[in-house]
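Open the model in your viewer and keep the selection tool at hand. The tour goes from the meeting of the chains to single residues.

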Protein chains: 2
Amino acid sequence: MRYVLKIAYDGAEFAGWQCQKNAITVQETLETALYTAFSQRIKTTASGRTDAGVHAAGQTCHFDAELPVPPEKMPDCLNRLLPAPVRVIEGWAANETFDCNRSAKRKTYRYRLYVSPREMPLLERYAVRIENAPCLETLQTQARLLEGEHDYKAFCASGSAVKTTVRTVYEVRVKEREEYGVRVVEVFVTGNGFLYNMVRTMVGELLDLALEKRTADSLLTAYATGDRSLLGKTMPAKGLTLMQVEYE
Amino acid sequence: MRYVLKIAYDGAEFAGWQCQKNAITVQETLETALYTAFSQRIKTTASGRTDAGVHAAGQTCHFDAELPVPPEKMPDCLNRLLPAPVRVIEGWAANETFDCNRSAKRKTYRYRLYVSPREMPLLERYAVRIENAPCLETLQTQARLLEGEHDYKAFCASGSAVKTTVRTVYEVRVKEREEYGVRVVEVFVTGNGFLYNMVRTMVGELLDLALEKRTADSLLTAYATGDRSLLGKTMPAKGLTLMQVEYE
């Protein structure tokens, strides 16, 4: 039987999703809980990796196993074995053709910023401070330039091995609210898939465009040439949260 | 010269505001930074204590000293010496009649709840999970019963030594938004002063009233008699944040 789990985690505590040597990852933590519960070595496949420090509200993963617990009971079963920063939110069954990674149609990430001359301890854990931010309308206007089907090679950290760097970004939505007397700006990015570091570089570029540090022309050249140096900086991991993975 | 500081902190890391033996407190942390900066033992007076685990976005404190740094430069001066969970947000000068505790006219606390059958790792740090919550309108209606001038003795943890337990609660405002697919309910309580544990007991009572576990009659009896057993439970510290202290 193929089990699918929806998982949330506080990425601050982990060296990302994927198992690695000498570092504690979410995947390893989850697989350890599965082993504790069922005495079976179960290998999980996620919708995609998340980097060290990146959070998730709706990561998904699947695995095949014959277990005495039905999928919908997996949250109760596993959460008592998981450390507090990781929780299974939902569980369901899927057929063999379903694959959390390959069947994903849309993913949505959120990047959270706050605008303040000083660090705010109650925002620091899940948001990144910036000193200057353009107004919401300017951010929303510039966000349009990051939407569409493009070759996002320039947005991708070097060293990733992927077949194609073309992706479609369906929407870059910018919202704003006030908290603790400061502006909290949230950028929601929805696409059919994302390269390594892509969202964090998109947000850096969005800020540069909106602050007129860079132009639409240089962005178009970056799409055309794949030249990373034409883009803004890669923003820190802690502002990023994988919100949702959608399937058909 | 009398210095006044506005301070924010993540209470998860501290045994409350006030100095105590064998535990790290915010006051001690701040006074250590002052000592490091100025080689003087400076004693600070806050608007009031916050308990272990309670957060602050706008705590205030004052102290008297002759220092080579003007008040408005104190944030920059102290923040580089403070650990990340504590930050000085503002500094200003006051005259000798100003006292952060005795001059306070209004204080506002926020209590944050979220409604979910499961723990959400990205909400757990600053909010308390409840399984059942009444609708916003019911909470707002019942909140009216907690406003006004009352003897809040029944809301006060035993062992506090205060002259009077009469306080005026100007407003109990309930707001709601959605985050990560769950309801986040925020209760803002503004009053002329608060007893030990008072806001946390008010929120427990508000939930009981709104869920019809307790009645307005029992609340009125609690005001009249000071009987703690007539009220709902004291909610956990981590949901509480001291938002603002107002002076004339």
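A salt bridge is a side-chain nitrogen of Lys or Arg within 4 Å of a carboxyl oxygen of Asp or Glu. General chemistry lies behind the term: side chains of opposite charge can pair when their charged atoms come close. Between chain B and chain A there are eight salt bridges.

Some ground rules come before the selections. This is a predicted model, in which local features need pLDDT of at least 70 and side-chain atom pairs count only at pLDDT 80 or more, while totals for chains, interfaces and linings use all residues. Residues are numbered from 1 along each chain as its sequence is written, chains are lettered from A and ligands numbered from 1 in the order in which they are written, and side-chain values use heavy atoms, with hydrogens and water left out.

**Stop 1: both chains.** Colour by pLDDT, the predictor's confidence in each residue, from 0 to 100. Chain A averages 95, and 99% of the residues score at least 70. The model has an ipTM of 0.93 and a pTM of 0.94.

Now superpose chain B on chain A, by least squares on the C-alpha atoms of residues with pLDDT of at least 70 in both. A rotation of 180 degrees with 0.0 Å of shift along its axis does this, with an RMSD of 0.0 Å. That is the relation of a two-fold axis. In chain B, the C-alpha nearest the axis belongs to R125(B), at 4.8 Å.

**Stop 2: the interface.** Select the residues in contact (heavy atoms within 4.5 Å). Chain B and chain A give 29 residues each. Because 100% of the interface residues of chain B are also interface residues in chain A, the copies meet through the same surface.

The buried area, meaning the accessible area (1.4 Å probe) that two parts lose on being put together, summed over both, is about 2100 Å² here, 57% of it on carbon and sulfur atoms. Select R118(B), P121(B) and L122(B): they supply 31% of the area that chain B buries against chain A, more than any other three residues.

**Stop 3: a bridge across.** Select E179(A) and R110(B). Their salt bridge has its closest N and O atoms 3.5 Å apart. Next, show the strands of chain B (E in DSSP, runs of at least two residues, numbered from the N terminus; helices are H or I runs of at least four). Which strand gives the most to the side of chain B that touches chain A? It is β4(B), with four residues.

**Stop 4: a bridge within chain A.** The structure holds 44 salt bridges over all chains. One of them joins K6(A) and E90(A), at 3.7 Å from N to O. K6(A) lies in strand β1 (residues 2-9) and E90(A) in strand β4 (residues 86-94) of chain A, so the pair ties together parts that are 84 residues apart in sequence.

**Stop 5: T225(B).** Select T225(B), in helix α5 (residues 216-225) of chain B. The C-alpha atoms of T225(B) and K153(B) are 8.3 Å apart, although 72 residues separate them along the chain.
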